[in-house]
Amino acid sequence: GAGREAIARAQGDSATLVAQLDADVATSWWLAVRAEALAQVARSQREALDDVARYDSLRAREGAVAEVVALRARVEADRAALAEVGARAERARARALLARYVGQAGDSLALAVDTSAAAALTAIADVVHDAPPVPGPPELRAAEAAEREQRRRVAAERLALVPDLTLTAGSKQTGPLRYTVVAVALPLPLLNRNGGARERTQAELLAVQAQRRDVVLRVRREGEAADAARRALREAPPPREILARTAEAASIARAAYREGGITQLELFEAQRAEGLAREAVLRWATDVHLADVAWRRATGRPQEGP
């Protein structure tokens with residue numbers, strides 16, 4: 001019986017490794033997608049500020065603005081270029097992590113990401129939903145099997161308190177007399193009561209029970225935290241409206257700056273606000289997916305493909 005439970009425990013441990021690998025792959029996928037999208041946002045910001053820097057440099061040569069205005073625009077463009085380099089480095093790290101899990105070269109990974117206002121949110125429309133109940137995470141099943149296995153071993157050591165019954169049979173001849181001898185022996189456990197083995201298995205049972213309780217508390221709290229996180233993330237303001245407003249404000253600011261309606265600093269502020277809004281929405285969208293991955297891992301539900 002203990003052997004059968006050991007097999008069940010090993011199967012639970014194996015399923016735990018598979019579930020954790022699935023969660024790691026899903027997590028690394030969404031992090032790679034986010035890094036790819038953020039790199040595109042950084043590039044668009046750099047291109048927009050490069051355009052402003054070229055425009056102000058032309059105006060400075062024509063004497064329409066002071067040289068410091070063109071210099072300030074170039075500084076902003078250089079800052080955006082540094083941010084783009086950092087985003088590209090983060091993208092390389094995220095792709096390398098994903099490549100490790102899927103067994104491919106980082107350069108061969110296909111991560112087609114569209115960061116427009118509509119497409120950036122398409123994949124997260126219905127992430128949060130109530131799935132049917134499941135038996136629970138595999139590590140919980142493994143812990144329960146380990147406790148049952150140890151209980152079997154405790155019972156076996158208690159049974160070993162009674163020694164084995166010995167049956168002996170034979171024949172004996174003394175002179176003309178021939179005897180048949182049958183003997184039954186049952187040693188009395190006076191000095192050896194198997195106490196060491198019984199105490200050891202009982203102590204191991206206490207340790208296994210403590211581990212099972214720890215697993216129960218951990219998976220329960222992780223599931224509650226992940227569920228609370230994914231539901232809280234859905235309470236965010238409508239991201240489509242945020243992106244639409246910031247994009248419109250940045251477009252109006254660019255047009256107004258060329259017409260002389262706003263200052264350069266106001267243009268930079270509008271441009272920076274658009275970039276920050278796009279980054280915030282992409283991070284929020286990824287966090288929704290990551291929360292769902294964590295919830296599925298904690299509750300033992302299979303991961304959904306990206």
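I began with the crossing of helices α3 and α4 and noted that it is left-handed. The model I am reading is predicted.

**Helix pair.** I took α3 as residues 138–159 and α4 as residues 195–233. Their axes come within 9 Å and cross at roughly 165°. Angles over 145 degrees count as roughly antiparallel, so I entered α3 as roughly antiparallel to α4. I then looked up which classes of residue make up the contact of α3 with α4. I logged 12 charged, 10 nonpolar and 4 polar residues there.

**Hairpin.** Next I turned to the strands. β1 covers residues 166–174 and β2 covers residues 177–185. I found the two strands running antiparallel, joined by 9 bridges. To fix the register I looked up K172, whose bridge partner in β2 is Y179. The hairpin has 2 residues between the strands. I checked the backbone of G175 in this hairpin and recorded a positive phi near 65°.

**Nonpolar core.** Last, I looked up the largest nonpolar core and noted 15 residues in it. Those with the most contacts inside the core are L49, V52, A73, Y257, L267 and F268. I then asked which elements give two or more residues to this core. They are α1 (2–62), α2 (67–102), α5 (239–258) and α6 (264–299). I marked α2 as the source of the largest share, with 5 residues.

Notes
Residues are numbered from 1 along each chain as its sequence is written. This is a predicted model: local features need pLDDT of at least 70, side-chain atom pairs count only at pLDDT 80 or more; totals for chains, interfaces and linings use all residues. Side-chain values use heavy atoms; hydrogens and water are left out. Axes are lines fitted to C-alpha atoms, for helices over the stretch in contact, and angles run from 0 to 180 degrees between N-to-C directions. Helices (H or I, at least four residues) and strands (E, at least two) are DSSP runs, numbered from the N terminus. Angles under 35 degrees count as roughly parallel, over 145 as roughly antiparallel, 65 to 115 as roughly perpendicular and the rest as oblique. A crossing is left-handed if the near helix is turned anticlockwise from the far one by less than a right angle, and right-handed if clockwise. Ala, Val, Leu, Ile, Met, Phe, Trp, Tyr, Cys and Pro count as nonpolar, Asp, Glu, Lys and Arg as charged, and the others, Gly among them, as polar. Two strands pair if DSSP finds at least two bridges between them. A nonpolar core is a set of buried Ala, Val, Leu, Ile, Met, Phe, Trp, Tyr and Cys residues joined through side-chain atoms within 4.5 Å. Buried means under 20% relative accessible area, exposed over 50%, partly exposed in between (1.4 Å probe, protein chains only).
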